[in-house]
Amino acid sequence: RWFFAGEEKNLGSGLVVNETLLKTLGYKNPSDAIGKKVSIGINDYNPPIIGVVKDFHTTSMHQNIAPVALMPFPFFYYAAGVRIQPGNMKNTLAHIETAYKKVYPEYVYQLNFVDDQLAELYKQDTKDYNLFKAFSVISIFICCIGLWGLIAFVVARKTKEIGIRKVLGASVNGIVILLSKDFLKLVIIGLLIASPIAWYFMNTWLQNFAYRITISWWIFVLAGATALLIALITVSFQAIKAALYNPVKNLRTE
């Protein structure tokens with residue numbers, strides 16, 4: 001992963017750059033850049049490139065990987081990254097704080113975890129995701145209530161028809177299909193209308209990311225199958241209940 005020239009002791013007198021900066025400077029291969037000096041805009045200090053590392057993200061996925069140069073520069077030392085082993089976190093952090101205050105007693109010690117900083121980069125995306133989940137659950141719940149009410153209304157209107165069909169030998173499956181097919185057709189029509197609209201808004205949202213996935217067709221198939229399953233379960237409960245009801249009581253009531 002690292003491409004260095006010379007011994008490790010030379011790291012203190014040069015730059016380690018990422019692949020993006022390498023391309024920005026006009027070099028195709030790491031070996032071509034090694035030893036070349038770069039002006040960093042501080043006095044007349046032009047350190048040479050001594051190493052090349054693979055690209056890594058310094059910001060969120062909303063932005064492209066930026067050119068990065070790493071170098072030891074004591075005048076700008078103000079933070080350090082420390083990798084610690086899990087298990088004895090409390091004592092480890094206490095030792096780090098003690099060491100910091102010993103070296104820099106006049107400064108305020110502040111601690112931040114990398115995962116917290118990464119989460120901060122996607123804070124708004126997390127809020128949008130949670131909001132979307134909440135509205136999705138509410139929407140599905142309202143739709144199920146609506147389907148429940150509609151099938152109950154249809155069953156009430158077709159009580160006599162269901163009773164006659166059962167007397168004439170109609171099966172439970174046949175009656176359930178009779179009551180459910182019209183609702184499932186409406187769900188399929190709704191999916192055909194909603195899918196391109198959903199694709200448009202999802203694709204527009206993904207444009208906010210420099211690094212993003214492509215929306216595959218199977219996502220809409222899976223979403224449609226799930227919607228049909230939820231609708232079928234909602235409708236079938238009332239339909240099966242009506243199909244199993246005693247036809248004699250239905251016709252007597254009519």
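Helices (H or I, at least four residues) and strands (E, at least two) are taken as DSSP runs and numbered from the N terminus. The structure described here is a predicted model.

**The loop between S3 and S4**

Strand S3 spans 49–53 and strand S4 spans 69–70, and His57 is placed in the loop between these two strands. With a relative accessibility of 36%, His57 counts as partly exposed, because that class covers values between 20% and 50%. Once neighbours within four places in sequence are set aside, the contacts of His57 are with Ile65 and Tyr211. Glu97, by contrast, is 40 residues from His57 in sequence, and the two C-alpha atoms are 28 Å apart in space.

The loop between S3 and S4 also holds His62. His62 is partly exposed, its relative accessible area being 26%. Beyond residues up to four places away in sequence, His62 touches Asp125, Asn208, Phe209 and Ala210. One of these partners, Phe209, is 147 residues from His62 along the chain, yet a distance of 3.9 Å separates their C-alpha atoms.

Thr20 belongs to helix H1, which covers residues 19–24. What does Thr20 contact, leaving aside its neighbours within four places in sequence? Its partners are Asp55, Ile65, Ala66 and Pro67. Ile65 is likewise among the contacts of His57. Thr20 has a relative accessible area of 18% and is therefore buried, since buried means under 20%.

**Packing of helices H5, H6, H7 and H8**

Two packed helices are described by the angle between their axes and the distance between the axes. The table gives these values for three pairs.

| Helix pair | Angle between axes | Distance between axes |
|---|---|---|
| H5 and H8 | about 25° | 9 Å |
| H5 and H7 | about 165° | 12 Å |
| H6 and H7 | roughly 150° | within 10 Å |

*H5 with H8.* Helix H5 comprises residues 123–157 and helix H8 residues 217–243, and their axes make an angle of about 25°. H5 is therefore roughly parallel to H8, as angles under 35 degrees are so classed. The two helices cross in a right-handed sense. On the H5 side the contact is made by Ile140, Cys144, Leu147, Trp148, Ile151, Ala152 and Val155, and on the H8 side by Ile230, Ala231, Thr234, Val235, Phe237, Gln238, Ala239 and Ala242. By class, the residues of this contact comprise 13 nonpolar, 2 polar and no charged.

Gly146 is also located in helix H5. Is Gly146 buried or partly exposed? Its relative accessible area is 34%, so Gly146 is partly exposed. Gly146 and Thr234 are separated by 88 residues in sequence, while their C-alpha atoms are 9.7 Å apart in space.

*H5 with H7.* Helix H7 covers residues 172–206, and its axis makes an angle of about 165° with that of H5. H5 and H7 are therefore roughly antiparallel to each other, because the angle is over 145 degrees. H5 passes H7 in a right-handed crossing. H5 contributes Asp125, Leu147, Leu150, Ile151, Val154 and Val155 to the contact, and H7 contributes Leu179, Phe183 and Trp205. The contact of H5 with H7 has 8 nonpolar residues, no polar residues and 1 charged residue. Leu147, Ile151 and Val155 of H5 take part both in the contact with H8 and in the contact with H7. Asp125 of H5 is also touched by His62.

*H6 with H7.* The axes of H6 and H7 cross at roughly 150°. This angle makes H6 roughly antiparallel to H7. The crossing of H6 and H7 is right-handed. Glu161, Ile162, Arg165 and Lys166 of H6 meet Ile175, Leu178 and Leu179 of H7. The residues of the contact of H6 with H7 fall into 4 nonpolar, no polar and 3 charged. Leu179 of H7 appears in this contact and also in the contact with H5.

**The buried side of H6**

Which residues of helix H6 (residues 159–167) are buried? They are Thr159, Ile162 and Gly163. These residues cover an arc of only 100° around the axis, which means that they lie on the same side of H6. An α-helix has 3.6 residues a turn, so residues three or four places apart point the same way. Ile162 is also one of the H6 residues that contact H7. After H6 comes Gly169, which has a positive phi, near 105°.

Terms used
Residues numbered from 1 in each chain as written. Predicted model: local features only at pLDDT ≥ 70, side-chain atom pairs only at ≥ 80, totals over all residues. Heavy atoms only, no water. Axes fitted to C-alpha atoms, helices over the stretch in contact; angles between N-to-C directions. Parallel < 35°, antiparallel > 145°, perpendicular 65-115°, else oblique. Left-handed = near helix turned anticlockwise from the far one by under 90°. Contact = heavy atoms within 4.5 Å. Nonpolar A, V, L, I, M, F, W, Y, C, P; charged D, E, K, R; others polar. Buried < 20%, exposed > 50% of the residue type's maximum accessible area, 1.4 Å probe, protein only. Arc of directions from axis to C-beta.
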